[in-house]
Amino acid sequence: MKQERRLLLLMEKIDKRFPGVHALDHVDFDLYEGEVHVLLGENGAGKSTLMKILSGSLPRDSGRIFIRNHEMQEIAHMSPEHAQALGIGMVYQELSLVPTLSVAENIFLGRLPRNRFGLIDWKRVHGDAKASLNTLGIDLDTHAITGSLSVAEQQLTEIARVLASQPRILVLDEPTSALSDTERTRLFEIIRRLREKGVGIIYISHRLAEVPLIGDRVTVLRDGQKIGTFPTSEVTEDQLIQMVVGRKLTEQYPKHGVEKGEVLLRVENLSVPGKLENISFEVYAGEILGVFGLMGAGQNELARALFGLEPAYTGRIYIRERLTPIRNSEGAIRVGIGLIPRDRREGLIPMLSIPPNITLGQVSQYSPHRVLSLQKEKQVAQRYIKELRIQPPILDRPVLYLSGGNQQKVVLARWLYGDTQILVLDDPTRGIDVGAKAEVFSIMDSLSRRGIGIVFISSEMQELLAMADRILVLRRGRIASIFQRGEVDQEDLLRSAS
Ligand SMILES: Nc1ncnc2c1ncn2[C@@H]1O[C@H](COP(=O)(O)OP(=O)(O)O)[C@@H](O)[C@H]1O
Ligand SMILES: [Mg+2]
């Protein structure tokens with residue numbers, strides 16, 4: 001960054017309350033030319049609210065906003081039109097495109113270019129729209145109806161729309177949530193290019209990993225309060241986690257050493273044609289066995305095979321040292337195996353509420369009359385809502401409306417209720433907040449202390465290193481290594497996996 005960077009934006013003591021929520025508690029924020037300032041925080045921290053106040057779509061309760069327009073100038077009342085005139089461009093988290101209009105019309109909405117007869121110059125509309133999409137590296141038909149595009153394409157169209165207005169201050173609110181890795185990389189290149197040109201960029205994220213990739217500075221918000229602002233080169237990911245969730249790293253990864261017990265699961269020469277080859281390992285009572293591999297190395301098939309979903313497997317599976325073929329999920333459940341699938345939706349019935357989602361499948365086993373009374377079902381649900389801190393604790397709302405982390409807890413509750421001995425977790429923290437992750441880890445820890453054996457598949461090496469007693473590395477369907485806790489680091493895992 002250049003030394004003589006000028007301040008573009010200063011927000012001072014911005015305060016905002018919604019009924020029952022202090023969304024922003026006297027928050028300060030600033031932005032310089034040619035920098036990417038990341039606004040980081042968990043869901044509900046107040047990030048979008050702060051930026052909606054900047055873009056004039058929400059009024060503030062108090063606080064001051066200054067924006068450079070040649071000189072720094074105080075803006076007493078911000079409106080969307082005023083913000084746009086000041087060069088503030090905002091890509092909202094919720095898409096704001098008109099679904100019935102074409103891509104080109106959306107990109108130039110409100111400022112369609114006209115020819116000298118005062119008519120809309122359609123040739124130019126489509127030409128310019130095409131050009132602005134091209135700078136994003138997107139090949140989209142500008143005549144396509146926006147509502148018919150994929151979410152990622154709509155997101156990119158939205159970004160193209162805001163870029164076409166050539167903002168001096170660009171706000172991107174969680175822009176990568178719907179994007180693929182390639183699209184994200186391309187977006188980051190564009191951000192870097194704009195930064196070189198002196199544009200100030202505010203990049204909102206709840207993904208820690210993106211901070212060092214794109215940010216010059218980072219401001220952490222938690223529960224409406226500003227925790228601090230730092231150059232990204234001066235904070236570690238661990239420090240950021242602590243600031244975002246408000247607890248120490250040892251609390252992020254609660255792990256107690258557990259004396260391991262008998263062998264609960266023994267797998268010998270497990271093969272699934274084309275996917276897994278000669279896999280052998282064992283899992284002890286109270287042990288967390290981590291499984292790591294690059295994408296498609298066979299981890300998903302391993303989880304499925306252990307739960308009876310790869311009935312064509314060969315090899316032997318022993319439960320408590322007894323040879324136990326597992327050819328379907330009923331069979332797996334009967335011998336005490338539970339699966340938290342990679343896709344949470346497979347583990348839940350979205351339209352049903354928490355109680356039936358927990359007791360489902362356990363009814364005949366647990367009720368003396370083969371039917372679980374609604375009364376009993378509610379009691380069970382209340383117990384797990386309390387124990388796992390499922391939020392909000394509402395008994396009659398479809399689980400569809402719960403956050404990812406809380407849905408995950410409902411799936412976990414089902415297996416706890418079902419007296420599971422061996423639990424297979426296939427990437428259980430994918431797409432959930434750091435705070436909810438810590439709770440999932442804490443549940444894993446307490447399960448292992450109860451003597452449950454856990455197979456913990458994850459793509460996050462740090463999680464595995466922190467939580468697993470041993471880590472099995474898969475490479476192209478085979479075991480590449482098995483490491484002991486404490487004798488391995490991220491580099492070893494990667495080297496072994498690739
Ligand atoms: N329009 C609104 N009405 C009531 N509460 C809101 C509204 N917008 C946001 N909130 C609340 O304000 C808090 C901050 O929300 P938000 O700024 O969207 O967080 P973030 O973008 O960091 O996830 C949350 O508790 C949210 O529920
Ligand atoms: Mg938000």
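The following exercises, each with a worked solution, concern a predicted model.

**Exercise 1. The four-stranded sheet**

Determine the order of the strands in the open sheet of four strands, and state which strands stand at its edges.

Solution.
Step 1. The order of this open sheet is 2-1-4-5, and its pairing is antiparallel.
Step 2. Strand 2 (21-32) and strand 5 each have a single partner strand, so they stand at the edges, and one side of each is left without a neighbour in the sheet.
Step 3. On average, neighbouring strands of this sheet are turned by 20° against each other, direction ignored.
Step 4. Helix 1 (residues 47-54) packs on this sheet and touches strand 1, strand 2 and strand 4. The direction of helix 1 makes about 120° with that of strand 1.

**Exercise 2. The pairings of strand 4**

Describe how strand 4 pairs with strand 1 and with strand 5, and identify bridge partners in each case.

Solution.
Step 1. Five bridges connect strand 1 (residues 7-18) with strand 4 (residues 62-69), in the antiparallel sense. One of the residue pairs is Asp15 with its bridge partner Ser62 in strand 4.
Step 2. Strand 4 also pairs with strand 5 (residues 71-74), in the antiparallel sense and over four bridges.
Step 3. Within this second pairing, Glu74 in strand 5 is the bridge partner of Phe66. Arg68 stands opposite Met72 in strand 5, and Asn69 has Glu71 in strand 5 as its bridge partner.
Step 4. The connection of the two strands remains to be described. Strand 4 and strand 5 form a hairpin with one residue between them, and His70 in the turn has a positive phi of about 70°.

**Exercise 3. The six-stranded sheet**

Work out the order of the six strands in the open sheet with mixed pairing, and find the helices that lie across its strands.

Solution.
Step 1. The six strands follow the order 6-7-8-3-9-10.
Step 2. Strand 6 (88-91) and strand 10 (225-231) are the edge strands, each pairing on one side only.
Step 3. The average turn between neighbouring strands of this sheet is 15°, direction ignored.
Step 4. As an instance of the pairing, strand 7 (residues 169-173) and strand 8 (residues 200-205) run parallel and are joined by five bridges. Val171 has Ile202 in strand 8 as its bridge partner.
Step 5. Helix 6 lies across strand 3 (36-40), strand 7 and strand 8, and runs at about 150° to strand 8.
Step 6. Helix 8 (residues 237-245) lies across strand 3, strand 9 (217-222) and strand 10, at about 30° to strand 9.

**Exercise 4. Buried or partly exposed**

Classify Glu189, Asp445 and Thr429 as buried or partly exposed, and locate each in the chain.

Solution.
Step 1. The cut-off is needed here: buried means under 20% relative accessible area, exposed means over 50%, and partly exposed lies in between.
Step 2. Glu189 is found in helix 6 (residues 181-196). Its relative accessible area is 44%, so Glu189 is partly exposed. The C-alpha atoms of Glu189 and Leu136 are separated by 9.0 Å, although these residues are 53 residues apart along the chain.
Step 3. Asp445 lies in helix 17 (residues 434-449). Asp445 is buried because its relative accessible area is 2%. Apart from residues up to four places away in sequence, Asp445 touches Pro254, Lys255, His256 and Met467.
Step 4. Thr429 belongs to the loop between strand 17 (422-426) and helix 17. With a relative accessibility of 2%, Thr429 is therefore counted as buried. Neighbours within four places in sequence aside, Thr429 is in contact with Lys437, Val440, Phe441 and Glu463.

**Exercise 5. An enclosed helix and a surface patch**

Explain why helix 10 is described as largely enclosed, and name the residues that make the nonpolar surface patch of about 200 Å².

Solution.
Step 1. Helix 10 (residues 299-306) has eight residues, of which six are buried, so the helix is largely enclosed by the rest of the structure.
Step 2. These buried residues are Gln299, Glu301, Leu302, Ala303, Ala305 and Leu306.
Step 3. Gly308, with a positive phi near 80°, follows helix 10.
Step 4. The nonpolar surface patch is made by Ile349, Leu352 and Leu360.
Step 5. Leu352 lies in the loop between helix 12 (344-347) and helix 13 (354-359). At a relative accessible area of 34%, Leu352 is partly exposed.

Methods
Residues numbered from 1 in each chain as written. Chains lettered and ligands numbered in written order. Predicted model: local features only at pLDDT ≥ 70, side-chain atom pairs only at ≥ 80, totals over all residues. Heavy atoms only, no water. Pairing = 2+ DSSP bridges. Patch = residues over 30% accessible without salt bridge, like charges linked within 9 Å, V, L, I, M, F, W, Y side chains within 5 Å. Areas by Shrake-Rupley, 256 points an atom, 1.4 Å probe, with all protein chains shown as cover. Salt bridge = Lys/Arg side-chain N within 4 Å of Asp/Glu carboxyl O. Buried < 20%, exposed > 50% of the residue type's maximum accessible area, 1.4 Å probe, protein only. Axes fitted to C-alpha atoms, helices over the stretch in contact; angles between N-to-C directions. Contact = heavy atoms within 4.5 Å.
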